Amino acid sequence: MAVYTDVSDEALRAFLSQYDLGAPLSFKGIAEGVENSNFLLRTDTGNYILTLYEKRVNEAELPFFINLMGHLARAGLACPQPVRNRAGTALGRLCGRPAAIVTFLDGVSLSRPNAGHCRALGAALAGLHAAGRDFPMRRDNNLSVGAWRPLFVQAEAQADTVAPGLAERTRADLDVLEASWPVGLPSGVIHADLFTDNVFFIGDTLSGLIDFYFACTDAFAYDLAISLNAWCFDPDGTFHRDKAGAMIAGYDAVRRLEPAEVAALPILARGAAMRFMLTRLVDWLNVPAGALVQPKNPLEYDRRLAFHRAAKDARDYGWVG
Ligand SMILES: Nc1ncnc2c1ncn2[C@@H]1O[C@H](COP(=O)(O)OP(=O)(O)O)[C@@H](O)[C@H]1O
Ligand SMILES: N[C@@H](CCOP(=O)(O)O)C(=O)O
């Protein structure tokens with residue numbers, strides 16, 4: 001459970017007194033997520049998610065995320081809508097943390113998506129990229145290639161306690177990634193964390209996207225590479241080419257991939273795996289005392305990196321275009 005900050009009844013009541021959401025009926029910490037403290041809030045006007053922003057979220061960047069969700073929802077994307085208080089702001093403070101309330105989305109996330117779900121995800125991702133085209137704000141990706149070496153340095157001395165040889169192969173991968181990271185690809189707003197736990201389905205129909213707190217301005221194809229990693233491998237590193245092919249085709253059907261993006265897919269997928277391996281490794285080695293959180297296993301992404309190292313071109317990811 002990711003709850004880093006406890007919220008007392010009194011603090012909750014004082015916070016909610018600024019909103020027109022009615023009386024609280026229940027309030028529970030949510031047993032998923034690793035980044036922020038999330039609570040399911042039920043009031044007599046409906047269900048909401050209350051988030052207290054924690055470690056990786058820079059307060060100055062919160063308006064980007066909040067305005068982006070509002071923009072995407074207005075453009076027709078099924079995503080949470082920030083709720084404004086009576087003063088007209090969606091961002092407040094609770095228990096010393098920045099905090100916001102967003103609308104609750106129905107649906108369940110899938111632990112074992114099939115190729116059909118992956119196709120739907122690809123199409124939704126391209127829809128998100130299209131919906132974000134006219135979003136006026138910009139946020140650089142602070143977890144892109146330039147951030148990976150400094151992250152690794154934080155974990156380097158202990159990396160081999162997690163898996164033998166991890167430090168050496170990570171150093172070698174970083175050398176390759178830093179030397180060949182693509183620039184100039186079509187860019188705009190990307191989600192940057194569209195894992196299965198951030199996508200809801202009702203039956204087999206994709207019903208919503210959540211968790212925009214890594215969203216930033218970066219290459220669209222990098223976003224696709226992140227989701228290929230997250231949706232198309234088993235935890236033991238087994239790759240499902242049918243799922244990846246379906247996801248890429250679903251994306252391409254909505255927004256045609258350019259030849260440069262197709263050519264860059266293997267290096268983008270390798271970089272995406274590195275980004276999540278590293279943040280997981282740092283978190284794995286630094287669980288805050290008293291936090292109710294289950295850190296995610298960095299070795300799942302170490303195994304994906306082995307696949308990406310051997311990949312030759314986009315056809316290895318199921319691209320047939
Ligand atoms: N708008 C929402 N509607 C429904 N459930 C949500 C919503 N936002 C978050 N959740 C629930 O809270 C969990 C954690 O949210 P998430 O934003 O992924 O947290 P974190 O950023 O801390 O990882 C999700 O897996 C989901 O179960
Ligand atoms: N998706 C990342 C961690 C961020 O967690 P989320 O719950 O916000 O998706 C990972 O799996 O490492």
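These legends accompany close-up views of a predicted model.

**Figure 1. The whole chain, with its fold content and extent.** The secondary structure comes to nine helices and nine strands. The chain has a radius of gyration of 20 Å, close to the 20 Å that the globule rule gives for 321 residues, so it is as compact as a globular protein of that length. Along the principal axes, the C-alpha atoms fill a box of roughly 60 × 45 × 35 Å.

**Figure 2. Burial and contacts in the chain.** Of the 321 residues, 39% are buried. Contacts with a separation of 6 or more were also sorted by distance along the sequence. Residues 24 or more positions apart account for 74% of them.

**Figure 3. The two domains and their contact.** The domain assignment gives domain 1 (9-103) and domain 2 (115-317). Their C-alpha centres lie 26 Å apart. Domain 1 contributes 19 residues to the contact, and domain 2 contributes 20 residues. On the side of domain 1 that touches domain 2, twelve residues are nonpolar, four are polar and three are charged.

**Figure 4. The annotated span, residues 27-255.** UniProt lists these residues as "domain: Aminoglycoside phosphotransferase", in an unreviewed entry. Helix makes up 39% of the span and strand 19%. The C-alpha atoms at the two ends of the span lie 40 Å apart.

**Figure 5. The shell around ligand 1.** Ligand 1 is surrounded by 18 residues. The closest are E32, G33, E35, P80 and D211. By class, the shell holds ten nonpolar, four polar and four charged residues. Both domains take part: domain 1 (9-103) and domain 2 (115-317) each supply at least three residues.

**Figure 6. The shell around ligand 2.** G33, V34 and E35 are among the residues surrounding ligand 2. The shell also includes D193, F195, D197, N198 and D211. F276, T279, R280 and K296 complete the list. Six of the shell residues are charged, three are polar and three are nonpolar. Domain 1 (9-103) and domain 2 (115-317) again each supply at least three residues.

**Figure 7. Residues found in both ligand shells.** G33, E35 and D211 are among the closest residues to ligand 1. G33, E35 and D211 also belong to the shell around ligand 2. The class make-up of each shell is as follows: ten nonpolar and four charged residues, with four polar, for ligand 1; three nonpolar and six charged residues, with three polar, for ligand 2.

How values were computed: Residues numbered from 1 in each chain as written. Chains lettered and ligands numbered in written order. Predicted model: local features only at pLDDT ≥ 70, side-chain atom pairs only at ≥ 80, totals over all residues. UniProt positions renumbered as here; feature names shortened; annotations may be inferred. Helix = DSSP H or I, 4+ residues; strand = E, 2+ residues; numbered from the N terminus. Near = placed C-beta within 6 Å. Nonpolar A, V, L, I, M, F, W, Y, C, P; charged D, E, K, R; others polar. Domains from an automatic or database assignment. Contact = placed C-beta atoms within 7 Å. Rg over C-alpha atoms; globule rule 2.2 N^0.38 Å. Buried ≥ 20, exposed ≤ 12 C-beta atoms within 10 Å, placed from the backbone.
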